Amino acid sequence: MKTNYLIKKALILAVLTFSFTALVRAQSAFKVGIAGLNHDHINGILSEYQKGNVNIVGIAEPSKQLQDKYRKKFHLPDSLFFEDLKTMIIKRKPAIVLGYNAVGNHVDVVEVCAPLGIPVMVEKPLAATLAQAKRMESLANKYHIKVLTNYETTWYPSYQEAYNLVNKDSIGAIHKMVVHDGHQGPVEIGCSPEFLSWLTDPVLNGAGALNDFGCYGADLMTWLMHGQKPIAVTAVARHYKPNIYPKVEDDATIIVEYPSATGQIEASWNWPFGIKDLEVFGGNGYLHGLDGNNLTMRMRENIKSVRNVMPLASPNNNPISYFTAVLAGTIKADDDRSSLKYNMIVMEILDAAKRSINEGKRIVL
């Protein structure tokens, strides 16, 4: 019995090892281009490059100062750097371009990549404005490319477990969703000067905390509601720290109305600590994704359980595995948190929130 168990365990380990090795090989096979270096999330993908988990073949960044910064920090070869995105694409022929530039310049990346047939994945949100998003959608449809959006929370096991439980009807129909996303503020947590230069700009970021953190809640609610568009949006913005953020709001509350549910998005640069959590209230129970790994479930009988959720399986556990699977055709990316379809709805919610703030009224979509 023990021998059989050990053999079975060894076989499982061998399969997992083979799967992981195959994934790493697939990731290394696809050539990746980088557009921009003025987003602090660039540190993550360059760390993966150092580990051999992603095959970056070119980086397009017009700023010599930023080129030098990351060349030294990650010991990158001079041959990786280009000042112009189109030149980099033509010379290095990446299979996908990842945008690490200002949100207001995401549309420029798609303008270059789409006619060349290169899919794009940008850091959240999709765009600074709904008009920019519509232009990106038009280009994606015309040239038949994927335009994806990367959210940190997409790779949270607790959120995926909450979604699975909702779809098993474990808590009944969704009646309310509450999403908190924020921290003390980008200045307060030490974001780089090049990141702050556009993140706190109403044109280059499209807003302040509303766009930066409100997009998380809009994306999660669109996902939980299976792509259903809301019927109305109402929002309030606050400017608690005008001396630090003179151009943009640093706190926003957005109410999103659906025919049978209500969503509340809390986005802030004013909290005493960083928080990303998700609450879902159903007819029979309640789910609370406390963070990336921990989920609380409470049913009507007042029985409370805390789940430490198992890690997500590849390719749905990180953006590199995900876009590798999209390029390989094993994920369609048509109806998920990264998809263009869902993120166009996100942009509609954010646009309606801004209009609600400016006009002081509920916006019917």
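Which ring does the charged end of Arg-71 sit over? The ring of Phe-81, 4.7 Å from its centre. One caution before I go on: this is a predicted model.

There is another contact of this kind. The charged end of Lys-124 sits over the ring of Phe-213, and 5.6 Å separates that charged end from the ring centre. Phe-213 also belongs to a cluster, where ring pairs link it with Tyr-151 and Tyr-216.

Now the aromatic pairs. Across the whole structure, a search finds nine. Take Tyr-245 and Trp-269. Their ring centres are 4.9 Å apart and their planes stand at 50°, so the pair counts as tilted. To be called stacked, the planes would have to be under 30 degrees apart; for edge-to-face, over 60. This pair links distant parts of the chain, 24 residues apart. Tyr-245 is in the loop between β8 and β9. Trp-269 is in the loop between β10 and β11. Buried or exposed, these two? Both Tyr-245 and Trp-269 are buried.

On to the pockets. The largest has a volume of about 510 Å³. It is lined by 29 residues, and the closest to its centre are His-39, His-41, Glu-123, Asn-150 and Glu-152. Helices contribute too: α2, α8, α9 and α10 each supply at least two lining residues. By class, that lining has 15 nonpolar, seven polar and seven charged residues.

The second largest pocket holds about 260 Å³ of space. Its lining has 14 residues. Nearest its centre are Gln-160, Trp-223, Asn-316, Asp-336 and Arg-337. The split here is six nonpolar, five polar and three charged.

Technical notes
Residues numbered from 1 in each chain as written. Predicted model: local features only at pLDDT ≥ 70, side-chain atom pairs only at ≥ 80, totals over all residues. Heavy atoms only, no water. 1 Å grid on protein atoms, 1.4 Å probe; cavity = no way out; pocket = protein on both sides within 12 Å on 5 of 7 lines; lining within 4 Å. Points joined across faces, edges and corners; volume = space filled by probe spheres on them. Helix = DSSP H or I, 4+ residues; strand = E, 2+ residues; numbered from the N terminus. Nonpolar A, V, L, I, M, F, W, Y, C, P; charged D, E, K, R; others polar. Phe/Tyr/Trp six-rings, centres within 6.5 Å; stacked < 30°, edge-to-face > 60°. Buried < 20%, exposed > 50% of the residue type's maximum accessible area, 1.4 Å probe, protein only. Lys NZ or Arg CZ within 6 Å of the ring centre and 35° of its normal.
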